[in-house]
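Q: Can you walk me through this model, feature by feature? I would like to learn how to read each one.

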Amino acid sequence: GKRLTDEEAGGSDHVLRSRLQAVYNIRHSKFSPFASVEMINDLTSGFAIDQIRYTLGTDYKLNKVSGLSIQWRFKDRADNDESNGHLFTLGYNYSF
């Protein structure tokens, strides 16, 4: 049979991502905790909420130009590039 495109199967590239994020800068600390909630709306379905992501984490400053980041994310629905559920990440940041 014919393979459906993403648009025919119900997927859409027309989305609106809205994020509310809070970052707490602890004085005299190398830690900067953060929390965010992100809603992804499908514009082809009248702004219907397609998925929600919740994120908690902290950045840790190693020196003036580099740091580490650890975070936990929960997604309520899967999409083409990520499954739903819990995701833990560890990152390295470098600024120049």
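The dialogue below goes from the overall fold to single residues.

Q: What kind of model is it?
A: It is a predicted model.

Q: How many helices and strands are there in the protein?
A: Start with the list of elements. The protein has zero helices and five strands. Read from the N terminus, the elements run β-β-β-β-β.

Q: In which order do the strands form the sheet?
A: Strand order in a sheet is read from the pairing. Here the five strands form an open sheet, ordered β1-β2-β3-β4-β5. The pairing is antiparallel.

Q: Which strands are at the edges?
A: Look for strands that pair on one side only. These are β1, residues 15–23, and β5, residues 85–94.

Q: How far are neighbouring strands turned against each other?
A: The average is 20°, with direction ignored.

Q: How many bridges pair β3 with β4?
A: Strand β3 covers residues 48–61 and pairs with β4 in the antiparallel sense over nine bridges. The two strands form a hairpin, with four residues between them. For one point of register, take R53: it stands opposite K75 in β4.

Q: How many bridges pair β4 with β5?
A: Strand β4, residues 66–75, pairs with β5 over ten bridges, again in the antiparallel sense. F74 stands opposite H86 in β5. The bridge partner of K75 in β5 is G85. K75 thus links two strands in this reading, with R53 opposite it and G85 as its partner in β5.

Q: How much of the protein is buried?
A: The cut-off is a relative accessible area under 20%. Buried residues make up 19% of the 96 residues in the protein.

Q: How many residues of β5 are buried?
A: The count is one among its ten residues. Strand β5 is hardly covered.

Q: What is the volume of the second largest pocket?
A: The volume is about 190 Å³. Next, read the lining. The pocket is lined by 14 residues, and the closest to its centre are Y60, K61, S66, G67 and N93. The elements giving two or more residues to this lining are β3, β4 and β5.

Q: How does the lining of the second largest pocket divide by class?
A: The lining has four nonpolar, six polar and four charged residues.

Q: How do I read a pair of aromatic rings?
A: Two values describe such a pair: the distance of the centres and the angle of the planes. The count in this model comes to two aromatic pairs. One of them is F31 with Y60, where the ring centres are 4.8 Å apart and the planes are at 55°, so the pair is tilted. The angle class needs its cut-offs: under 30 degrees is stacked, and over 60 is edge-to-face.

Q: Which parts of the chain does the pair of F31 and Y60 tie together?
A: F31 lies in strand β2, residues 31–42, and Y60 lies in strand β3, so the pair ties together parts that are 29 residues apart in sequence.

Q: Why do F31 and Y60 count as partly exposed?
A: Partly exposed lies between the cut-offs of 20% and 50%. F31 has 40% relative accessibility, so it counts as partly exposed. Y60 has 28%, so it falls in that class too. Y60 also belongs to the residues named as closest to the centre of the second largest pocket.

Q: What should I know about the sign of phi?
A: Most residues other than glycine have a negative phi. H28 has a positive phi of about 60°, although it is not a glycine. H28 lies in the loop between β1 and β2. Its relative accessibility is 81%, so H28 counts as exposed.

Q: Where is L20, and is L20 buried or exposed?
A: Find the element, then the accessibility. L20 lies in strand β1. At 63% relative accessibility, L20 counts as exposed. The C-alpha atoms of L20 and Y54 are separated by 10.0 Å, with their positions 34 residues apart along the chain counted as the offset.

Q: Where is K64 found?
A: K64 is in the loop between β3 and β4. K64 is exposed, with a relative accessible area of 79%. K64 and F96 are 32 residues apart along the chain, and their C-alpha atoms are separated by 9.4 Å.

Key: Residues numbered from 1 in each chain as written. Predicted model: local features only at pLDDT ≥ 70, side-chain atom pairs only at ≥ 80, totals over all residues. Heavy atoms only, no water. Pairing = 2+ DSSP bridges. Axes fitted to C-alpha atoms, helices over the stretch in contact; angles between N-to-C directions. 1 Å grid on protein atoms, 1.4 Å probe; cavity = no way out; pocket = protein on both sides within 12 Å on 5 of 7 lines; lining within 4 Å. Points joined across faces, edges and corners; volume = space filled by probe spheres on them. Nonpolar A, V, L, I, M, F, W, Y, C, P; charged D, E, K, R; others polar. Buried < 20%, exposed > 50% of the residue type's maximum accessible area, 1.4 Å probe, protein only. Phe/Tyr/Trp six-rings, centres within 6.5 Å; stacked < 30°, edge-to-face > 60°.
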